[in-house]
Amino acid sequence: MRWDLAESRCYGAAVAPTEPERFCDERARENALFYVDDQVDYRDPDTEAFWRRGDETLEKILSPLEQTVSPQDTVVDIGCGVGRMTRALASRAARVIALDVSQEILARARELNAQVQNVEWIHGDGRTLAPIAAGSVERMLLPRRVPAPPRSRDDARVRA
Ligand SMILES: C[S@@+](CC[C@H](N)C(=O)[O-])C[C@H]1O[C@@H](n2cnc3c(N)ncnc32)[C@H](O)[C@@H]1O
């Protein structure tokens, strides 16, 4: 199974991959919504459209792959940002583990999604997935540029 995600801007050419957290924290402090989705106005974001695009983007990812998220699924959202797609996933799945390398953006995600009950917000690196228990999840949503995504069949954290 392959999950793909519209362009993540975390790994710009000028950013050393060893510094993703610092870089992402800075972007989150600067303007978290714009950083996640640059279709929003930098100064006056249309938040309704922002959350709606989370749903639309998820659908654009799932449809071509003929994948669905089922009510019994546990899904990992790697690079969850402020939870734009996490929220859409949470409305379909039993549980979402939302992982991000940036504590700053996770703080905003928790605040903006306080009403969403079935999400665990976890600080971690999508390259290692270290906090996620082996064999505990069915699905992973990966940003295209997080290096070395887990292999779905071989990685013990994903039940094939
Ligand atoms: C452009 S945002 C996308 C957020 C969300 N997936 C969405 O589409 O709304 C990319 C996110 O990936 C996170 N990120 C970047 N590198 C990461 C890594 N190695 N592990 C986990 N998260 C990472 C960033 O902090 C940022 O919140």
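This is a conversation in which a trainee asks how statements about a predicted model are justified.

Trainee: What kind of model is this, and how are its residues numbered?

Mentor: It is a predicted model, in which local features need pLDDT of at least 70 and side-chain atom pairs count only at pLDDT 80 or more, while totals for chains, interfaces and linings use all residues. Residues are numbered from 1 along each chain as its sequence is written.

Trainee: How do you know which parts have a pLDDT under 50?

Mentor: The pLDDT, which is the predictor's confidence in each residue, from 0 to 100, has a mean of 81 over the protein chain, and 77% of the residues reach 70 or more. It stays under 50 over residues 1-17, for which the model has 28 contacts beyond four places in sequence; a contact here requires two C-beta atoms, placed from the backbone, to lie within 7 Å. Over residues 147-156 the pLDDT is also below 50, and that stretch has 15 contacts beyond near neighbours in sequence. Where pLDDT is low, the predicted coordinates should not be read in detail.

Trainee: What makes up the pattern of helices and strands along the protein chain?

Mentor: Helices (H or I, at least four residues) and strands (E, at least two) are DSSP runs, numbered from the N terminus. The protein chain has 4 helices and 4 strands, and read along the sequence they follow the pattern α-α-β-α-β-α-β-β.

Trainee: How do you know that helix 1 is not straight?

Mentor: The expected span of a helix is 1.5 Å times one less than its number of residues, which gives 24 Å for a straight helix of 17 residues, whereas helix 1 spans only 15 Å between its end C-alpha atoms. Helix 1 also bends by about 100° at glutamate 30, where the bend is the angle between axes fitted to the seven residues ending there and the seven starting there.

Trainee: Why is valine 36 called buried?

Mentor: A residue is buried if 20 or more other C-beta atoms lie within 10 Å of its own, exposed if 12 or fewer, and partly exposed in between, with C-beta atoms placed from the backbone. Valine 36, which lies in helix 1, has 26 other C-beta atoms within 10 Å and therefore counts as buried. Not counting residues up to four places away in sequence, valine 36 touches Gly81, Val82 and Arg84.

Trainee: Why is glutamate 21 put in another class, as partly exposed?

Mentor: Glutamate 21, found in helix 1, has 16 other C-beta atoms within 10 Å, so it is partly exposed. Leaving aside its neighbours within four places in sequence, glutamate 21 is in contact with Val101 and Ser102; the C-alpha atoms of glutamate 21 and serine 102 are 5.2 Å apart, although the two residues are 81 apart in sequence.

Trainee: What makes arginine 87 buried and glutamate 66 exposed?

Mentor: Arginine 87 has 23 other C-beta atoms within 10 Å, so it is buried, whereas glutamate 66 has 6 and is therefore exposed. Arginine 87 lies in helix 3 and is in contact with Trp51, Gly54, Asn113 and Val116, leaving aside its neighbours within four places in sequence. Glutamate 66 is found in the loop between helix 2 and strand 1, and it has a positive phi of about 55° although it is not a glycine.

Trainee: How do you know that the buried residues of helix 4 are on the same side?

Mentor: The buried residues of helix 4 are Ile105, Leu106 and Ala109. They cover an arc of only 100° around the axis, and so they lie on the same side of helix 4; the arc is that of the directions from the helix axis to the C-beta atoms. On the other side of helix 4, Gln103 and Glu111 are exposed, while the buried residues pack against helix 1, strand 2 and strand 3.

Trainee: What makes a set of residues a nonpolar core?

Mentor: A nonpolar core is a set of buried Ala, Val, Leu, Ile, Met, Phe, Trp, Tyr and Cys residues joined through C-beta atoms within 7 Å. The largest one has 33 residues, and those with the most contacts inside it are Val75, Val76, Leu89, Val96 and Ala98. Helix 1 gives the most to this core, with 6 residues. Leaving aside its neighbours within four places in sequence, valine 75 is in contact with residues including Leu89, Val96 and Leu141.
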